[in-house]
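I sat down with this one to get my bearings, and these are my notes. Come along and look things up with me.

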Amino acid sequence: MTIQGKVVVVTGASSGIGESTARVLAKAGAKVVLSARRTERLEQTVSEIRAAGGEAVYRTSDVTSKEQMKSLADFAVEQYGRLDVWVNNAGLMPLSYLNKLKIDEWDRMIDVNIKGVLYGMAAAIPIMEKQGGGHIINVSSVAGHRVGLGGAVYSGTKFAVRAITEGLRMELSPTSRIRATIISPGMVETELLQTITDEDAMQALKARAPIQQPLRGEDIANAIAYAIDQPETVSVNEILIRPTEQG
Ligand code: NDP
């Protein structure tokens, strides 16, 4: 089975990369379950997908709740009878230098960017094992490969996502036929910068060589679609994708 007819859960689907992923996969024939905290945004995207002839439903949920992740997985199975792909995309990036001691923001990044991914996996793995296979796609970043100024904790979370996904691949691909994919984007035009509260970090980011043409959410969605669309015998382990002008 390629994308056509696959049941796909996307977290962080109320904006940016997640929203584009839901739209692109639905257009390719997947049955998409969108999730995030902002219900109105999900509702709007789902109605647009349906108006365009696609299949989609939404469920409001917070990735920092393991109970809500479990009920999101159960909801997907209730709606569509199975769960083929789970995209852990929700994330935030409140950059700051460590000596600003923005400990609440460190906690938040760890809760959403790492624990949220683990809770998503915990919800999906038992269902996929029972089905005899599945596919978990975790969104890391170029920041999961290198550390930038102000990005110590953010990068820490994105390095962790890559480590966890590689562990998943080694443990569960051979035995449980669960494919594992890391998606590592460079700069994408989304609402992510709005999560930065530290003025110095924002200024430092703006002072760096400006990128005139960042990636669009759709560019990352296409990479996710490529990984899903491969035959079950092919596991795309990582896609690293930058705007051409990003150094
Ligand atoms: P956006 O800010 O546009 O999207 C983030 C999404 O995460 C939103 O849908 C938001 O929905 C959701 N989210 C945040 N917190 C929670 C939560 N507690 N529970 C559920 N959902 C949550 O940014 P992007 O699309 O850019 O980000 C998507 C992913 O891509 C992130 O993991 C980010 O780190 C990664 N990334 C982005 C890059 C970029 O340049 N934009 C580069 C590399 C990686 P809501 O607020 O409604 O809950």
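**Ground rules.** I started with burial: a residue is buried if 20 or more other C-beta atoms lie within 10 Å of its own, exposed if 12 or fewer, and partly exposed in between, with C-beta atoms placed from the backbone. I tried the rule on arginine 82, which has 16 C-beta neighbours inside 10 Å and therefore counts as partly exposed. I noted that this is a predicted model, where local features need pLDDT of at least 70, side-chain atom pairs count only at pLDDT 80 or more, and totals for chains, interfaces and linings use all residues. Residues are numbered from 1 along each chain as its sequence is written.

**Overall layout.** I looked up the elements and found seven helices and seven strands in the chain. Helices (H or I, at least four residues) and strands (E, at least two) are DSSP runs, numbered from the N terminus. From that end, I read the order as β-α-β-α-β-α-β-α-β-α-β-α-α-β.

I checked the size next. The C-alpha trace spans about 50 × 40 × 35 Å along its principal axes. The radius of gyration is 17 Å, which agrees with the value near 18 Å for a compact globule of 247 residues. That radius is taken over C-alpha atoms, and the globule rule is 2.2 Å times the number of residues to the power 0.38. Of the 247 residues, 44% count as buried.

For contacts, I used this rule: two residues are in contact if their C-beta atoms, placed from the backbone, lie within 7 Å. Among contacts between residues at least 6 apart in sequence, 73% join residues at least 24 apart.

**The record.** I found a UniProt annotation from an unreviewed entry, "domain: Ketoreductase", covering residues 6–181. UniProt positions are given in the numbering used here, feature names are shortened, and annotations may be inferred rather than shown by experiment. Over residues 6–181 I read 53% helix and 18% strand, with the end C-alpha atoms 16 Å apart.

**Around the ligand.** Which residues are the closest to the ligand? I found Gly12, Gly16, Arg37, Arg38 and Gly91, out of 28 that surround the ligand. A residue counts as near if its C-beta atom, placed from the backbone, lies within 6 Å of the molecule. Helix α1 (residues 16–27) gives the largest share of this shell, three residues. By class, I noted 13 nonpolar, 11 polar and four charged residues in the shell. Here Ala, Val, Leu, Ile, Met, Phe, Trp, Tyr, Cys and Pro count as nonpolar, Asp, Glu, Lys and Arg as charged, and the others, Gly among them, as polar.

**The core.** A nonpolar core is a set of buried Ala, Val, Leu, Ile, Met, Phe, Trp, Tyr and Cys residues joined through C-beta atoms within 7 Å. The largest one has 65 residues, and Val8, Val9, Ala22, Val32, Leu34 and Ile224 touch the most other members. Helix α4 (residues 103–131) supplies the largest share of this core, eight residues.

I followed alanine 22 further. Leaving aside neighbours within four places in sequence, its contacts are Val10, Ala13, Val32, Leu34, Thr45, Ile49 and Ala56.

Then I picked alanine 124, in helix α4. Is alanine 124 buried or exposed? Alanine 124 counts as buried because 26 C-beta neighbours lie inside 10 Å. With neighbours within four places set aside, alanine 124 is in contact with Ala73, Leu83, Trp86, Gly134 and Ile136. Leucine 83 is 41 residues from alanine 124 in sequence, yet their C-alpha atoms are 7.7 Å apart.

**Loop stops.** Where is arginine 82? I found arginine 82 in the loop between α3 and β4. Its contacts, beyond four places in sequence, are Val7, Val77 and Gln131.

Serine 61 sits in the loop between β3 (55–60) and α3 (66–80). Serine 61 counts as buried because it has 21 C-beta neighbours inside 10 Å.

Leucine 101, in the loop between β4 (85–88) and α4, has a positive phi of about 50 degrees although it is not a glycine. Leucine 101 has 10 C-beta neighbours inside 10 Å, so I wrote it down as exposed.

Arginine 177, in the loop between α5 and β6 (178–185), also goes in my notes, with a positive phi near 55 degrees.
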